Amino acid sequence: MHRDIERQRRQEMSTLYASLRTLLPLEYIKGKRAISDHMNGAVSYVKDLQKRIDGLNAKRDELKKASDNWSGFEQGMTSNEAFPSSAVVRQSLDGVEVVISTSVGPKALTLSRVLQLLLEEGLDVVNCITTRIDGGLIHTIQAEVY
């Protein structure tokens with residue numbers, strides 16, 4: 001009876017180790033066969049994940065801080081009665097999305113000025129789409145903290 005219980009316990013442990021191995025990325029296993037190596041790999045993986053989480057949390061906090069500092073951004077805006085200028089800043093999954101609506105003309109806010117302001121705020125532009133609508137321009141800009 002005692003022998004059967006011990007055999008069942010070993011089989012259960014073997015199954016648990018096998019399921020742990022399937023959860024680990026290959027770079028943490030690298031052909032190692034010893035259970036202790038897999039356990040050390042799992043510990044390293046969890047520590048690396050924790051570092052990654054901490055880094056992403058820090059980046060999120062930077063993005064929140066950057067989006068809170070946009071109050072001075074609208075100072076460069078001008079208005080046109082047909083198409084007033086405005087800026088909307090939203091946090092996205094991988095950074096910040098900035099949507100600028102502006103008029104077309106000599107006093108309008110230019111895209112180059114918008115991009116310059118983003119760089120001054122510590123943001124790196126990843127994507128920019130400009131659309132012309134009703135005599136005005138809408139710039140949709142994806143940016144990340146660099």
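This report walks through a predicted model of a protein, from its overall layout to a few single residues.

**Overall layout**

The protein has 146 residues, and 24% of them count as buried. Its secondary structure comes to three helices and four strands. Starting at the N terminus, you will meet these elements in the order α-α-β-β-α-β-β. The exposed surface of the protein is about 10300 Å², with carbon and sulfur atoms supplying 53% of it. If you look at contacts between residues at least 6 apart in sequence, 41% join residues at least 24 apart.

**How far to trust the model**

The average pLDDT of the protein is 81, and 84% of the residues score at least 70. Confidence is highest in helix H1 (residues 2-23), at 93, and lowest in E1, at a mean of 82. Residues 71-83 have a pLDDT below 50, although this stretch has 26 contacts in the model beyond near neighbours in sequence. Where pLDDT is low, the predicted coordinates should not be read in detail.

**The sheet**

The four strands form an open sheet in the order E1-E2-E4-E3, with antiparallel pairing. Strands E1 (86-92) and E3 (123-133) stand at the edges; each has a single partner strand, so one side of each is left without a neighbour in the sheet. On average, neighbouring strands of this sheet are turned by 15 degrees against each other, direction ignored.

Strands of a sheet pair through backbone hydrogen bonds, either parallel or antiparallel. Here are two of the pairings, both involving E4:

| Strand pair | Bridges | Direction |
|---|---|---|
| E3 and E4 (residues 136-145) | 10 bridges | antiparallel |
| E2 and E4 | Eight bridges | antiparallel |

Some individual partners are easy to find. Asp124 has Glu144 in E4 as its bridge partner, and Val125 stands opposite Ala143 in E4. For Ser103, the bridge partner in E4 is Gly136. E3 and E4 also form a hairpin with two residues between the strands, where Asp134 takes a positive phi near 45 degrees.

**Helix H3 and the core**

Which strands does helix H3 lie across? Helix H3 (residues 111-120) lies across E2 (95-103), E3 and E4, and runs at about 155 degrees to E3.

In soluble globular proteins, nonpolar side chains tend to be buried together. The largest nonpolar core of this model has 11 residues in all: Ala87, Val96, Val98, Ile100, Leu109, Val114, Leu118, Leu123, Ile141, Ala143 and Val145. The elements that give two or more residues to this core are E2, H3 and E4.

Ala143 is a good residue to look at within this core. Leaving aside its neighbours within four places in sequence, Ala143 is in contact with Asp94, Gly95, Val96, Leu123, Asp124, Val125 and Val126. Among these contacts are Val96 and Leu123, which also belong to the core.

**A closer look at Thr130**

Thr130 is found in strand E3. Is Thr130 buried or partly exposed? Its relative accessibility is 38%, so Thr130 counts as partly exposed, a class that lies between under 20% for buried and over 50% for exposed. Not counting residues up to four places away in sequence, Thr130 touches Leu111, Leu137, Ile138 and His139. Thr130 and Val99 are 31 residues apart along the chain, and their C-alpha atoms are separated by 9.7 Å.

Methods. Residues are numbered from 1 along each chain as its sequence is written. This is a predicted model: local features need pLDDT of at least 70, side-chain atom pairs count only at pLDDT 80 or more; totals for chains, interfaces and linings use all residues. Side-chain values use heavy atoms; hydrogens and water are left out. Two strands pair if DSSP finds at least two bridges between them. Axes are lines fitted to C-alpha atoms, for helices over the stretch in contact, and angles run from 0 to 180 degrees between N-to-C directions. Contact means heavy atoms within 4.5 Å. A nonpolar core is a set of buried Ala, Val, Leu, Ile, Met, Phe, Trp, Tyr and Cys residues joined through side-chain atoms within 4.5 Å. Buried means under 20% relative accessible area, exposed over 50%, partly exposed in between (1.4 Å probe, protein chains only). Accessible areas come from the Shrake-Rupley method with a 1.4 Å probe; for residues, only the protein chains shown count as cover. pLDDT is the predictor's confidence in each residue, from 0 to 100.
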